[in-house]
Amino acid sequence: MSVAANGNGGAFVQIRDVSKWFGELQVLDKITLDVPEHDVVCLIGASGSGKSTLLRCLNLLEQVNEGEIVVDGVRLTHEKIDVNELRRKIGIVFQAYNLFPHMTVLQNVMLAPRKALGISRDEAEERARPLLRRIGLEAKADEYPDRLSGGQQQRVAIVRALAMQPKLMLLDEITSALDPQLVSDVLDLVRELADSGMTMILATHEMGFAREVADKICFLDGGCILEEGPPEQIFRDPREPRTRQFLARVLEAERMS
Amino acid sequence: MHAFRQVIHAFFNPHSYTLAIPDVWAGFQVNLKMMGIAEVLVLVFALSIAIVRGLPGPAAKPLRALAIAYTDFFRGTPIIVVSFLIGFGLPGLQLAGISNQSNMVYGVITLTLVYTAYVTEVYRAGIESVHASQRSAARSLGLSYFQSMRYVVIPQAVRRVIPPLLNDFIGLQKDTAIVSVIGVSEAALTAQQFSNRNGDFPSYVVAAVFFVLITIPLARFTDHLVQERERKERAQAF
Ligand SMILES: Nc1ncnc2c1ncn2[C@@H]1O[C@H](COP(=O)(O)OP(=O)(O)OP(=O)(O)O)[C@@H](O)[C@H]1O
Ligand SMILES: [Mg+2]
């Protein structure tokens, strides 16, 4: 069904042989990955393995050097695409929330719909308020971000992206900067999104969560997807020794904390 | 004892003050006018040039180079030389609309040219101090480069640069006296003429007091803003 929906017969997100260098350093090495519509893909892997870079390439915050990326039938690697137009369809949320500190919560959520989509203030507010209600923060609408907890800020960052009604959400370790007791609220929201059928690619260190929400797990190592598969297989029976090592180390660390 | 009395007379003759105050005050109004106009112009031009200097991409290279040449030239040239260039040079060109302005207009042009160069650097530092992740966040929401600047980067940058900017304005206010060299009848020149006529110095004291009186509030306000910011940052650190 999702295949028919985007016209050219491919998956919603198609990544083909994508490579990327920062100067001499190769950060992505022939990455190939398909993400069907409504699927959730989790990227796991050690620090520096290229998870963030891959997500940033998908949103054209970085340029790939080789290969091809197609999102919703649009070839990102084509030179003539409208970058802003494309980004409106793809939400990205970062580890550091990056809310705009000089705007209230409500203004943060309304800015892009008003300025990038050009909808009226009233319409933008009609969009923003229910989203804030959904995360239980409507009462904070007129507060500035520095008055919110990290977990609250991160949820605002997520609904700020959702206010653009994106077709794809990219989440880059959105719980890594949070105190443990604040993580679950954020994960609940992501789970809700997954259940509502949002297509998502997320980089995460939360293995339990990845296992629960992902349709597919990709293990990145040195810029390659070394192993991919359904969560049950990756977590229970990883084929690659490096995957096994990585999981053992992460699970050990989780037990220790 | 005689010398002492002479000093007293030269600086503190009360009668001389009653004459000097209205005289210098008339001149000082020209200073105030030049300050006001130049400050508004500087705010606008400096921001524009700072934005031009930050434009991305190879296509904007000539514009960036032009902006750099401008700031280099006017930051490097003594303001008194710029005064001569504008105050004597422009009339010499005999161009309609440019060469027949009053000395005060040339004074305002001089101050604007020089201080725009300083304040451009202040703005630029402010713009660069806004973390790249703020731009990423704005761009990734689909805002264009200019929208990101307009709504996200510049509002944050401007808030941060207000104290250094006010410091530059204190400099500008004082330098309104320098353009007296091209014959603007402002406070310093009026004071000098008064002093020459009377053979004493109260007119200079009056001029000094006027300048100090308008600088003090600005200086205190700047201190207040800096303290406020430090307090906020300390509060955030905990
Ligand atoms: N702008 C950049 N310039 C140069 N090198 C970069 C840049 N961004 C990332 N890198 C390098 O690219 C490699 C991959 O970084 P990336 O941030 O994608 O890793 P990651 O998997 O997200 O790691 P983490 O789990 O720590 O977030 C790292 O070696 C990093 O140092
Ligand atoms: Mg990362």
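**Exercise 1. The sheet of chain A**

Which residue in S5(A) does Val71(A) stand opposite? Then place the strands of the sheet in order.

*Solution.* The model is predicted. Start at the pair itself: Val71(A) faces Val74(A) of S5(A). Next, take the strands that pair here. Strand S4 (residues 66–71) of chain A joins S5(A) in the antiparallel sense, over two bridges.

Now widen the view. The order in chain A is S2-S1-S4-S5, an open sheet of four strands with antiparallel pairing. S2 and strand S5 (74–75) of chain A are the edge strands, since each pairs on one side only. In general, strands of a sheet pair through backbone hydrogen bonds, either parallel or antiparallel.

**Exercise 2. The hairpin**

Describe how S1(A) and S2(A) are joined and paired.

*Solution.* Begin with the pairing. Strand S1 (residues 13–22) and strand S2 (residues 25–35) of chain A are antiparallel, with seven bridges between them. One opposite couple is Val13(A) and Val35(A), the latter in S2(A).

Then look at the turn. The hairpin has two residues between the strands. Gly23(A) takes a positive phi near 60 degrees in this hairpin.

**Exercise 3. Aromatic rings**

How many aromatic pairs are there over all chains? Classify the pair Trp25(B) and Phe28(B), then find a cluster and a charge over a ring.

*Solution.* The count comes to 13 aromatic pairs over all chains. For Trp25(B) and Phe28(B), the ring centres are 6.2 Å apart and the planes stand at 35 degrees, so the pair is tilted. The reasoning needs the cut-offs: under 30 degrees counts as stacked, over 60 as edge-to-face.

Place the pair in the chain next. Trp25(B) and Phe28(B) are three residues apart in helix H2 (residues 14–54) of chain B, which means about one helical turn separates them. Their surroundings can be read from accessibility. Trp25(B) is partly exposed, at a relative accessible area of 38%. Phe28(B) is buried, at 2%.

For the cluster, take Phe11(B), Phe12(B), Phe201(B) and Tyr204(B), which form one aromatic cluster. For the charge, go to chain A: Arg160(A) lies over the face of Phe100(A), 4.3 Å from the ring centre.

**Exercise 4. Helix H4 of chain B**

Test the length of H4(B), then locate its buried side.

*Solution.* First, the length. Helix H4 (residues 79–93) of chain B has 15 residues, so at 1.5 Å a residue a span of 21 Å is expected. The end C-alpha atoms are 20 Å apart, which agrees.

Second, the buried residues. They are Ile79(B), Val82(B), Ser83(B), Ile86(B), Gly87(B) and Leu90(B). These residues cover an arc of only 115 degrees around the axis, so they lie on the same side of H4(B).

Third, the partners. The buried residues of H4(B) pack against helix H3 (61–76), helix H5 (103–129) and helix H7 (145–175) of chain B.

Last, the exit. Gln94(B) follows H4(B) and has a positive phi, near 55 degrees.

**Exercise 5. Two residues of H2(B)**

Ser16(B) or Arg53(B): for each, decide whether it is buried or exposed, and list its contacts beyond four places in sequence.

*Solution.* Ser16(B) sits in helix H2 of chain B. Its relative accessible area is 1%, so Ser16(B) is buried. Not counting residues up to four places away in sequence, Ser16(B) touches Phe194(B), Asn198(B), Asp200(B) and Pro202(B).

Arg53(B) is also found in helix H2 of chain B. At 18% relative accessibility, Arg53(B) counts as buried, because the cut-off is under 20%. With the same exclusion, Arg53(B) touches Arg64(B), Ala67(B), Ile68(B), Thr71(B), Glu121(B) and Arg124(B).

Definitions and conventions
Residues are numbered from 1 along each chain as its sequence is written. Chains are lettered from A and ligands numbered from 1 in the order in which they are written. This is a predicted model: local features need pLDDT of at least 70, side-chain atom pairs count only at pLDDT 80 or more; totals for chains, interfaces and linings use all residues. Side-chain values use heavy atoms; hydrogens and water are left out. Two strands pair if DSSP finds at least two bridges between them. Rings of Phe, Tyr and Trp (its six-membered ring) pair if their centres lie within 6.5 Å; planes under 30 degrees apart count as stacked, over 60 as edge-to-face and the rest as tilted. Buried means under 20% relative accessible area, exposed over 50%, partly exposed in between (1.4 Å probe, protein chains only). A charge sits over a ring if NZ of Lys or CZ of Arg is within 6 Å of the ring centre and within 35 degrees of the ring normal. The expected span of a helix is 1.5 Å times one less than its number of residues. The arc is that of the directions from the helix axis to the C-beta atoms. Contact means heavy atoms within 4.5 Å.
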